[in-house]
Amino acid sequence: MARELLGKVLVRDSGKLRLTARIVEVEAYLGENDPAAHAAAGNTARTSILFGPPGYAYVYFIYGKHYCLNVSCEHEGKAGSVLFRALEPLLGIEEMALARDIAVHGPRDLIRLTSGPGRLAEAFGITRARDNGCDLTSASSALWIARDGFRAKGFQITPRIGISKAADQPLRYALKGNAFVSGKRPSR
DNA sequence: ATATCGATTATCT
DNA sequence: GATAATCGATATG
């Protein structure tokens, strides 16, 4: 799923406003048996979406400040998911800058719009109240995943970022050479 | 009822 | 490179 999501487009539709951005970095979380996954705590009020059918938005709140977006994967009862870590803005850049409350002058500022799980959620106005449980596979949803003709040149797999448990597993997928990928730049 | 901590980011040095 | 900010979910009593 993580590999399939790379290169797809995240779409926000609210009224006549549309935001779109390409998915350039994601991480896989493997469900109940993955110590780093929220699903490891079991099926609770917080994580119930993870245990439902695939294709739905799991939104969580972290560090008192940030929302992050996952899509549920696997069949009902299996809590695998994919975390959206970075996007490349396509449409609605001014609106994203407004939501992020930053001024965009050059490419350097563009990166701060959607490079990082908390940043992309803020740019898209994603909150738990608004988007948790949303069907990401339906074009009539306010938040959904689209396919355009984009062909990725390649991707790379590295260890997941920002976790303390099971941090060694290579489950982070990123488009090769994409400037919007979060974290430290690979040496090449 | 209370304590702990995190799938992060911004802002320092 | 280090650290503060900030709050809801979860664990513990």
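A polar contact is a pair of N or O atoms within 3.5 Å. The exercises below apply this cut-off and a few others to a predicted model.

**Exercise 1. Find the polar contacts between the protein and DNA strand B, and say which part of the strand each one reaches.**

Solution.

Step 1. Start with His66. A polar atom of its side chain is 3.0 Å from a base oxygen of DNA strand B. The cut-off is 3.5 Å, so this pair is a polar contact.

Step 2. Go on to the phosphates. The side chain of Arg85 has an N or O atom 3.1 Å from a phosphate oxygen of DNA strand B. Pro117 also has a phosphate oxygen of this strand at 3.1 Å, but here the protein partner is a polar backbone atom.

Step 3. Place the surface in the fold. Two or more residues each are given to the surface near DNA strand B by β3 (57–62), β4 (66–72), β5 (81–91) and α4 (117–123). The largest share, three residues, comes from α4.

**Exercise 2. Describe the surroundings of DNA strand B as a whole: how many residues surround the strand, and of what kinds are they?**

Solution.

Step 1. Count the residues. DNA strand B is surrounded by 18 residues, and the closest are Tyr60, Asn70, Arg100, Gly118 and Arg119.

Step 2. Sort them by kind. Nine are nonpolar, six are polar and three are charged.

Step 3. Turn to the DNA side. Sugar or phosphate supplies 50% of the atoms of DNA strand B within 4 Å of the protein, and bases supply the rest.

**Exercise 3. Carry out the analysis for DNA strand C: which residues surround the strand, and which atoms make polar contacts?**

Solution.

Step 1. List the residues. Thr44, Arg46, Phe61, Tyr63, Gly64 and Lys65 surround DNA strand C. Of the strand's atoms that come within 4 Å of the protein, 76% belong to sugar and phosphate.

Step 2. Sort the residues by kind. The surface near DNA strand C has two nonpolar, two polar and two charged residues.

Step 3. Look for the contact to phosphate. An N or O atom in the side chain of Thr44 is 2.5 Å from a phosphate oxygen of DNA strand C.

Step 4. Look for the contacts to bases. Tyr63 has a backbone N or O atom 2.3 Å from a base oxygen of the strand. Lys65 has a polar side-chain atom 3.3 Å from a base nitrogen.

**Exercise 4. Classify the ring pair formed by Phe61 and Tyr67: is it stacked, tilted or edge-to-face?**

Solution.

Step 1. Count the pairs. There are three aromatic pairs in the model.

Step 2. Check distance and angle. The ring centres of Phe61 and Tyr67 are 4.9 Å apart and the planes stand at 50°, so the pair is tilted.

Step 3. Add the accessibility. Phe61 is partly exposed, at 39% relative accessibility. Tyr67 is partly exposed too, at 26%.

**Exercise 5. Work out the surroundings of Asp34: is this residue buried or exposed, and what does its side chain reach?**

Solution.

Step 1. Locate the residue. Asp34 is in the loop between β2 (17–29) and β3.

Step 2. Apply the accessibility cut-off. Asp34 is buried because its relative accessibility is 2%, and buried means under 20%.

Step 3. Find the polar partner. The side chain of Asp34 comes to 3.0 Å from the backbone nitrogen of Leu30.

Step 4. List the contacts. Beyond its neighbours within four places in sequence, Asp34 touches Tyr29, Ala40, Arg160 and Ala166.

Step 5. Follow two of these contacts. The charged end of Arg160 sits over the ring of Tyr29, 4.5 Å from the ring centre.

Step 6. Follow another. Ala166 lies in the loop between β7 (155–158) and β8 (172–175). This residue is buried at 18% relative accessible area, and its phi is positive, near 55°, although it is not a glycine.

**Exercise 6. Place Ser72 in the fold and find the partner of its side chain.**

Solution.

Step 1. Locate the residue. Ser72 belongs to strand β4 and is buried, at 0% relative accessibility.

Step 2. Find the polar partner. A polar atom of the Ser72 side chain is 2.8 Å from the backbone oxygen of Pro53.

Step 3. List the contacts. Leaving out residues up to four places away in sequence, Ser72 touches Ile49, Pro53, Pro54, Gly55, Tyr56, Gly80 and Ser81.

Definitions and conventions: Residues are numbered from 1 along each chain as its sequence is written. Chains are lettered from A and ligands numbered from 1 in the order in which they are written. This is a predicted model: local features need pLDDT of at least 70, side-chain atom pairs count only at pLDDT 80 or more; totals for chains, interfaces and linings use all residues. Side-chain values use heavy atoms; hydrogens and water are left out. A residue is near a molecule or strand if one of its heavy atoms lies within 4 Å of it. A polar contact is a pair of N or O atoms within 3.5 Å; within protein, one must be able to donate a hydrogen and the other to accept it, and residues adjacent in sequence count only if both atoms are side-chain atoms. Helices (H or I, at least four residues) and strands (E, at least two) are DSSP runs, numbered from the N terminus. Ala, Val, Leu, Ile, Met, Phe, Trp, Tyr, Cys and Pro count as nonpolar, Asp, Glu, Lys and Arg as charged, and the others, Gly among them, as polar. Buried means under 20% relative accessible area, exposed over 50%, partly exposed in between (1.4 Å probe, protein chains only). Contact means heavy atoms within 4.5 Å. Rings of Phe, Tyr and Trp (its six-membered ring) pair if their centres lie within 6.5 Å; planes under 30 degrees apart count as stacked, over 60 as edge-to-face and the rest as tilted. A charge sits over a ring if NZ of Lys or CZ of Arg is within 6 Å of the ring centre and within 35 degrees of the ring normal.
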